[in-house]
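Please read the account below alongside the sequence and the coordinates, taking each element in turn.

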Amino acid sequence: MDTRTFDALTESMKSAYAAGLSEGAVPRPVIMPLVRGELVGLIWLRPVKSGEDALTAIASLSNIAAAANADEIVLAWETQDVATTCELPSDGPSPCLNMVHATKDGHTLHQFPYIEDPSAAEPQWRPAPAPQPDAELVPPVQAAVDYAFTPLELDHPSPFGVTVVLMEEDGYNLRLTEAFTF
């Protein structure tokens, strides 16, 4: 992925965080698979129950990337939100927008800490630490990264199409780009 594309995805996520925080909530985790540099779309986490359901649902974000045969993904989440929802210890800066860029060969974690200021329209973004190649990821995010590049074995003429339908039925919010709509 070129720097321009990653920067555009980062700005998109920062804008989503500004909008979400102004409404009193951080956006749910989202995966952005890419095939040959082209964005498949944005797939937002379905509503979840705390604990095991949240762990499974975040890992299952990978299904769309696997079905599309993505060669890279970007997955974004908020540190404290995922820790609380998954009943895991909070690790890393908080509050913080995390974005992992991954390929079959590895991943790099990018962190964008911020300060919530109820009087401001947007969060105050703090200086970002250096990108962290092959950084330790929270378990459900690591599972999503791992499974995103594991081919789905579906006995169906359109594995991508059926995955889209099944994920939508499960409550995931899918916004596919025009090239990947069917």
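The paragraphs below treat one helix, then a pair of helices, then a single tyrosine.

The model is predicted, so that local features need pLDDT of at least 70 and side-chain atom pairs count only at pLDDT 80 or more, while totals for chains, interfaces and linings use all residues. Residues are numbered from 1 along each chain as its sequence is written, and side-chain values use heavy atoms, with hydrogens and water left out.

Helix α4 spans residues 79–86, and its buried residues are Thr79, Val82, Ala83, Thr85 and Cys86, where buried means under 20% relative accessible area with a 1.4 Å probe, protein chains only. The cover over these buried residues includes α2 (52–59), β4 (72–78), β5 (96–103) and α5 (139–148). At the N-terminal end of α4, glutamate 78 acts as a cap, with a side-chain oxygen 2.8 Å from the backbone nitrogen of glutamine 80, and after the helix comes glutamate 87, whose phi is positive, near 55°.

Two of the covering elements, α2 and α5, have axes (lines fitted to C-alpha atoms over the stretch in contact) that come within 7 Å and cross at roughly 30°. The two helices are therefore roughly parallel to each other, a description that applies to angles under 35 degrees. Their contact (heavy atoms within 4.5 Å) is made by Leu55, Ile58 and Ala59 of α2 together with Pro140, Val141, Ala143, Ala144 and Tyr147 of α5.

Tyrosine 114 lies in strand β6 (residues 106–115) and is buried, with a relative accessible area of 1%. Its C-alpha atom is separated by 5.3 Å from that of glutamine 124, 10 residues apart along the chain.

Notes
Buried < 20%, exposed > 50% of the residue type's maximum accessible area, 1.4 Å probe, protein only. Helix = DSSP H or I, 4+ residues; strand = E, 2+ residues; numbered from the N terminus. Polar contact = N/O pair within 3.5 Å; in protein donor to acceptor, adjacent residues only side chain to side chain. Axes fitted to C-alpha atoms, helices over the stretch in contact; angles between N-to-C directions. Parallel < 35°, antiparallel > 145°, perpendicular 65-115°, else oblique.
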